[in-house]
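Thanks for coming, everyone. I would like to spend a few minutes on one structure, so please have a look at it before I go on.

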Amino acid sequence: MRLAVLSTILLAAFPLQPVLADGLTVLGGVALSFAPGGDRATRDDFNAYLEADLANFYLGASTDFYNDKVSDEVDLSLGYRNTTAGGLSYDVSYTRNIYPHDGGDCCGDYALSLSMPLNDKLTGTIDGNYYTTDQTSDAHATLDFALNDKVTLTSKIGVVQNAGAPDTKEWELAGSYALGTQTAVKLHYYKGTDYKGYLGLDLTWDTTLLGG
């Protein structure tokens with residue numbers, strides 16, 4: 001079942017090829033994530049995604065396979081992103097969440113992200129999500145500092161609403177290193193008011209499959 005879901009997502013792009021329009025770009029990638037702490041069900045994660053972009057609109061599909069398959073997730077997204085003349089990048093999207101081993105179609109959320117270069121090395125980002133089913137939301141502020149063309153340092157703070165429970169305040173520090181033009185490794189440290197601090201490691205590979 002796990003391989004069938006992944007294969008369906010990866011093959012979904014190929015019928016598009018005969019009717020490709022000028023300007024269409026298809027992106028894809030995979031990631032492996034490991035964490036000794038946090039939620040036991042989701043400590044180890046294999047992620048794969050596809051995204052088709054045309055005239056600033058995009059359709060995306062991603063899947064996460066965890067060590068506990070009940071937590072496996074497929075996300076389908078529709079969004080629009082652009083950058084203003086002043087350099088402000090914005091991204092508005094809706095994502096539908098599907099849990100193949102835990103009830104199927106579950107819920108969805110609206111997301112907004114605003115990002116602005118503060119100088120030639122520092123970028124600030126504010127993003128938030130609104131979850132329609134339980135009517136909760138979260139918001140985060142991020143600073144990315146490009147130490148050089150290989151190393152980026154990240155700090156992130158945020159607040160997450162919990163249905164029927166106090167809000168979670170959380171922090172993240174991270175450093176990423178570009179292994180090549182398409183691959184990177186990223187080390188995280190996470191901490192929140194309702195969970196202990198722990199480390200996480202990501203290995204990522206991203207590429208342009210069509211267009212670009």
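Through how many residues does a hairpin join β8 to β9? The answer is four residues, but before I build on that, I should say that this is a predicted model, in which local features need pLDDT of at least 70 and side-chain atom pairs count only at pLDDT 80 or more, while totals for chains, interfaces and linings use all residues. Residues are numbered from 1 along each chain as its sequence is written, and side-chain values use heavy atoms, with hydrogens and water left out.

Strands here are DSSP runs (E, at least two residues), numbered from the N terminus, and two of them pair if DSSP finds at least two bridges between them. Strand β8, residues 136-146, runs antiparallel to β7, residues 122-131, with ten bridges joining them, and A141 of β8 is the bridge partner of I126. The hairpin of β7 and β8 has four residues between the strands, and in this hairpin Q135 takes a positive phi near 55°. Strand β8 is also joined by nine bridges to β9, residues 151-162, again in an antiparallel arrangement, where V159 of β9 is the bridge partner of A139.

Now to the cysteines. The structure holds one disulfide (a pair of cysteine sulfur atoms within 2.5 Å), formed by C106 and C107, whose sulfur atoms lie 2.3 Å apart. The torsion about their S-S bond is about 80°, so the disulfide is right-handed. As for accessibility, buried means under 20% relative accessible area, exposed over 50%, and partly exposed in between, with a 1.4 Å probe and protein chains only; C106 is partly exposed at 37%, whereas C107 is buried at 16%.
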